[in-house]
Amino acid sequence: MGDMKEIRTTAVVLAAGQGKRMCSSVHKQYLLIKDKPVLYYSLKAFEDSIIDDIVLVVGEGEEDFCQNEFMGKYGFHKIRSIVCGGKERYHSVANGIKTINWECDYIFIHDGARPFVDGEIIDRVFDEVKHHKACVVGMPAKDTIKIADEKGFVAHTPDRSRTWMIQTPQVFERQLITAAYEKLLAEEKRLPAGGVCVTDDAMVVEHFMNMSVKLVYGSYRNIKITTPEDLKLAEMFV
């Protein structure tokens, strides 16, 4: 048993968003919940978890600020690399993945604007990804979902018992997600013509690797900070 290989994990935390719906001059990941930035909470969760290394993806010119704020001020020693994001979310993810030049078996991709990820969620999705290679965190939808047509009328209503609200982290075997993003970047100019709009990492694996992705329970508290109302709700949770 002594020669069993240790499984290594890296979290790519995305904090390069503009947060336009927040109506604030400060990017949403740096707004305060109580007395700490939104981004602090998810980094703290990964720092205290089974994760070995963290890649922090930030906006252009924010690298030094984040180095001082999160590595200096808060002492997050698992942050191994701080890299600049890209034009679209998937460019930021690709930049984060490309910087991982160390031993790593599984990559956790997480939105820094989701402050309420916790150790239980991280452990749960880690247990599942070792069996399924591709997993996303989410929760069953509480509301009935309607699919709209291009004129704003109901096209159809999917069975609510089979609809999920997708969250992050989304977790993948390293070789799988690396290959998926290489294919995405090679074909990205053809995506709009094919009606493909990449909004999460699971889509990249589904579309380019033709692979099923396992759904794993997250938490209804694992909200994304998008609007001022979300920030008020987050303060209640803290």
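**Strands, rings and charges**

Visitor: How many bridges join strand 6 to strand 10?

Guide: First, this is a predicted model: local features need pLDDT of at least 70, side-chain atom pairs count only at pLDDT 80 or more, and totals for chains, interfaces and linings use all residues. Residues are numbered from 1 along each chain as its sequence is written, and side-chain values use heavy atoms, leaving out hydrogens and water. Helices (H or I, at least four residues) and strands (E, at least two) are DSSP runs numbered from the N terminus, and two strands pair if DSSP finds at least two bridges between them. Strand 6 and strand 10 (residues 164–173) run antiparallel, and the number of bridges is four.

Visitor: Which residue in strand 10 is the bridge partner of Ile-107?

Guide: Look along the antiparallel pairing of strand 6 with strand 10. The partner that Ile-107 has there is Phe-172.

Visitor: What about strand 1: which residue in strand 6 stands opposite Val-13?

Guide: Strand 1 pairs with strand 6 in the parallel sense, over six bridges. Opposite Val-13 you'll find His-110.

Visitor: How many residues of strand 6 are buried?

Guide: "Buried" means under 20% relative accessible area, "exposed" means over 50%, and "partly exposed" is in between (1.4 Å probe, protein chains only). In a regular strand the side chains alternate between the two faces of the sheet. Here Tyr-106, Phe-108 and His-110 are buried on one side, and Ile-107, Ile-109 and Asp-111 are buried on the other. Of the six residues in strand 6, the buried ones number six.

Visitor: Why is the pair of Tyr-106 and Phe-126 called edge-to-face?

Guide: Rings of Phe, Tyr and Trp (its six-membered ring) pair if their centres lie within 6.5 Å; planes under 30 degrees apart count as stacked, over 60 as edge-to-face and the rest as tilted. A search of the whole structure turns up ten aromatic pairs. In this one the centres are 6.1 Å apart, and the pair is edge-to-face because the planes stand at 80°.

Visitor: How many residues apart are Tyr-106 and Phe-126?

Guide: Tyr-106 and Phe-126 are both buried. Tyr-106 belongs to strand 6 (residues 106–111) and Phe-126 to helix 4 (residues 119–132), so going by the DSSP runs this pair links a strand to a helix. Along the chain, their separation is 20 residues.

Visitor: What is the angle between the planes of Phe-108 and Phe-126?

Guide: Phe-108 sits in strand 6, 18 residues away from Phe-126 in helix 4. Both Phe-108 and Phe-126 are buried. Their rings are 6.2 Å centre to centre and make a tilted pair, with the planes at 45°.

Visitor: Which residue lies over the face of Phe-126?

Guide: A charge sits over a ring if NZ of Lys or CZ of Arg is within 6 Å of the ring centre and within 35 degrees of the ring normal. Elsewhere, Arg-221 lies over the face of Phe-116, at 5.9 Å from the ring centre. For Phe-126, at 4.3 Å from the ring centre, the residue is Lys-130.

Visitor: On to charges: which residue forms a salt bridge with Lys-44?

Guide: A salt bridge is a side-chain nitrogen of Lys or Arg within 4 Å of a carboxyl oxygen of Asp or Glu, and the count comes to eleven. Lys-44 is partly exposed, at 32% relative accessible area. Its partner is exposed, at 54%. With the closest N and O atoms 3.2 Å apart, that partner is Asp-48.

Visitor: How far apart in sequence are Asp-111 and Lys-224?

Guide: The side chains of Asp-111 and Lys-224 meet in a salt bridge at 3.9 Å, N to O. Asp-111 is in strand 6, while Lys-224 is in the loop between strand 11 (214–217) and helix 7 (228–237), so the bridge ties together parts separated by 113 residues.

Visitor: Is Asp-105 buried or exposed?

Guide: Asp-105 is in the loop between helix 3 (89–98) and strand 6. Its side chain reaches the backbone nitrogen of Arg-8 at 2.7 Å. With a relative accessible area of 18%, Asp-105 is buried.

Key. A polar contact is a pair of N or O atoms within 3.5 Å; within protein, one must be able to donate a hydrogen and the other to accept it, and residues adjacent in sequence count only if both atoms are side-chain atoms.
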